[in-house]
Amino acid sequence: MADHPAVEVDDLHVSYGSTPVLTGVALVVPAGAGVCVTGENGIGKSTLLRCVSSLQQPDSGEIRVFGAPPGATPEFWRAVVTTVEPPTWYPGLTVREHAELVCRAHGQDPEEAGIDEALDRFGLTGHADAIPPSLSSGQKQRLTLAIALIRPSSLLILDEPEQRLDPDGRKEVAALLATYVEDGGSLLMASHDETFATASGAHVTTMESLSAVEP
Amino acid sequence: MTAATVPLAPVRRWIGRRQSAHRERGATVGNIYFALLFVAVVGGIVHKQLAVVFWPDAPNASRLVAASLVPTLFGLLYLALRRFGPLALSRPAASWLLPAPVSRRRLLLPSLRLAAIVAAVVGALAGIAIIGHAAPRTLGGPAVSLLATGAGLIGVALLLVALAAQAGGRWGDRVDAVVSLLLAAGLAGLIADSASSGSPAAGGWPPASVLLPLVGALALVVGVLFAFAVRGLARTPNERILEAAKTAGTLFDSAFGMEPSFLTDMIERRYWARRHLRSKRFPVRLPVLVTQDLLLVARRRRRLLWLALAAALPVLLADAPGALQGIAVLLGALLAASTSTGGVKTDAGNPTLLRMLSLSSRQAIFQRMWVPGVLAALWSALALGLLATLGDLPAGPWWALGLTLGPVGAVAAVRRARVGFVRNELLPLDTPMGTVSTGPLVNAAIGPDALLLGLPALVEIAQGHPLSWTSVLVQAVVGGVGARAYLAGTTSPDRVELNAAR
């Protein structure tokens, strides 16, 4: 996997009806590096992330993730974690059990993977026995990030991970993402908060600079 | 702060006028006409069946059945009232009128009136059905109408209890539990009667002269309590009314959008929101999703208890054709298996967590079929074993046939859980009674259709011949091969999403 960049996007075009959103977008995320895309609302950040995560089919253009087209295979999803789409939580399962389920599915031992530390770091220890739908929106965001970070992966695709987090939470998440990149993981995210992005160890770039044509 | 309230009637009139401005002229009249036509046509078609249900030619129920029907029918009425409120507002009224400075009593009175009418009518119908089945035909018209009136009053009394429970605290849950027990006892009585052969009840019914003061006293008591309830209406807590308004709204959405999953999802969400859970550690040996389903089942012990009791229900069909009994067993297997398909339902609706788990759709569905399969197998074995023990089925290893229905129930329940929203774009059918949209019909059939895999068992039950081990083997093979084919046909080892990309 190391021979290929984590993400390569070339000449990507997406339009919703007659409104072009992405016009000739090109982007490279080297393996083991972080890139943060910024830009105003509606400029196409989420669309770009959705295309890279194979959750949306572009009109034209080429996308490669670790040298291969993104797919819906279990192998792809073992390498890639995305929070572009919010999850629907399983009924009757607590916060901690959701984290443990994901760990076990990846063959991890929950104690070794450090579930309790992760929940503690994200301020969820007091809510370990709650069911996720009863959490606040910020806590749900924290849980999603905790689960995304606790399982093994090579590429994180995060859509505004700082959203709904309080200032301390942002610092904490930024530090975790920086560690993730330092440990060899790749990161592609969209954000409105450049301080957060820089603290996450990501190279900040604007959506305009990625497009061949001004949208 | 003043206690002055804004009069409600002009507000309601204003809303009514604005709404009618958006409706087509004569739409309401048309709707009433079609509703009446529908009732007349359906009544004309099924009046014979209605007569069998409410007023058979001769009384055919024993004392035990009559005594069991009372807690069964009125217990169901009470639990239904509790589940739907009983006091509800429309969602717009809950949003806009509940926080407004209008008289709370006047706001809620129409809802109470409607609930009282429904409870009285249902109670009276239940009373008539019980009298029709159990009372001798010598009972005079006045006595019958007095008894029916009494039953209607009991319906209203139950409504008042449900109303107090809606406003009150935890005792409401306890009353629910007691009523559930009475309901279970009533069902047990019905089953016990169909297992034995009780003779139809004879006399012992009080004459009209005795009933008149009794019903009069009951009417007085219910009337006084109703007046108290109306006075206390304003004390109903807001959150209870909001909850009931959500139920009413979801019910309306379900009916209007012909999408029953709105309602079932809401009931499930509320159930889990009220539970206090403790996180459990997952055992290492079992596959993760099997563990998850087991956890889900372990947390629904009350439902398991009901399922176990419901295994006796096919006994009620002892006098019906064997095929009907077989269908009841198959449907029961589907319901038993559905206890643990919440995970499949979640994944079918939103594959995000499945992507996080990175399991292939084949692994996921394979693991998720185990617990439903075991539940279906145990339930069918219990139901068929009971039928055989009570002598409703000829000799043979019926319990083993029940066990082989496990894969059948699992396939049907998982298939049902994977069905998405109703496809309302499907071509509607024009019939003489109006247009029937096929979407909901097709949707309702997905899942139960897989019960065809239980055809060998159904044929065995319907025929009523002694059961051989060969037949058990045939059903086991058909069920096993069917489950395998389902897995191979609808999942893939290199796709995570349960539904193939469109």
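Two strands pair if DSSP finds at least two bridges between them. The exercises below apply this rule and others to a predicted model.

**Exercise 1. How many bridges join β6 of chain A to β7 of chain A, and which residue stands opposite A:D159?**

Solution. Begin with the two strands: β6 of chain A covers residues 155–159, and β7 of chain A covers residues 186–190. Five bridges join them, and the strands run parallel. Within this pair, A:D159 has A:A190 of β7(A) opposite.

Next, place the pair in its sheet. The sheet is open, has five strands in the order β5-β6-β7-β3-β8 (chain A), and its pairing is parallel. Its edges are β5 (80–82) and β8 (202–206) of chain A, each of which pairs on one side only. On average, and with direction ignored, neighbouring strands of the sheet are turned by 15° against each other.

Finally, add the helix that covers part of these strands. Helix α1 of chain A, residues 45–52, lies across β3 (34–38), β6 and β7 of chain A. The angle between α1 and β7(A) is about 145°.

**Exercise 2. Do β1 and β2 of chain A run parallel or antiparallel, and which residue in the turn has a positive phi?**

Solution. Strand β1 (residues 7–16) and strand β2 (residues 19–29) of chain A are joined by seven bridges and run antiparallel. One opposed pair is A:E8 with A:V28 in β2(A). The two strands form a hairpin with two residues between them. In the turn, A:G17 has a positive phi of about 65°.

**Exercise 3. Why does the radius of gyration of chain A agree with that of a compact globule?**

Solution. First, the content of the chain: nine helices and eight strands make up the secondary structure of chain A. Second, its extent: along the principal axes, the C-alpha atoms fill a box of roughly 50 × 35 × 30 Å. Third, the comparison: a compact globule of 215 residues would have a radius of gyration near 17 Å, and chain A has 17 Å, so the two agree.

**Exercise 4. Into which domains is chain B divided, and what kind of residues does domain 1 of chain B turn towards domain 2 of chain B?**

Solution. The divisions of chain B are domain 1 (1–53), domain 2 (55–256) and domain 3 (292–490). The C-alpha centres of domains 1 and 2 of chain B lie 23 Å apart. In the contact between these domains, seven residues of domain 1 meet nine residues of domain 2. On the domain 1 side, α1 (8–22) and α2 (27–54) of chain B each supply at least two residues, and α2(B) gives the most, with three residues. This side divides into six nonpolar, one polar and no charged residues.

**Exercise 5. At what angle do α14 and α19 of chain B pack, and which helix of chain B supplies the largest share of the side that touches chain A?**

Solution. Helix α14 (residues 342–349) and helix α19 (residues 406–418) of chain B pack at about 35°, with their axes 8 Å apart. Their crossing is right-handed. From α14(B), B:V344, B:K345 and B:A348 meet B:V414, B:A417 and B:R418 of α19(B). These residues divide into four nonpolar, no polar and two charged.

Now turn to the contact between the chains, which takes 31 residues from chain B and 29 residues from chain A. Helix α14 takes part here too: α10 (261–274), α11 (288–298), α14 and α15 (352–357) of chain B each supply at least two residues of the side that touches chain A. The largest share, five residues, comes from α15(B). The chain B side as a whole divides into twelve nonpolar, ten polar and nine charged residues.

How values were computed:
Residues numbered from 1 in each chain as written. Chains lettered and ligands numbered in written order. Predicted model: local features only at pLDDT ≥ 70, side-chain atom pairs only at ≥ 80, totals over all residues. Axes fitted to C-alpha atoms, helices over the stretch in contact; angles between N-to-C directions. Helix = DSSP H or I, 4+ residues; strand = E, 2+ residues; numbered from the N terminus. Left-handed = near helix turned anticlockwise from the far one by under 90°. Contact = placed C-beta atoms within 7 Å. Nonpolar A, V, L, I, M, F, W, Y, C, P; charged D, E, K, R; others polar. Domains from an automatic or database assignment. Rg over C-alpha atoms; globule rule 2.2 N^0.38 Å.
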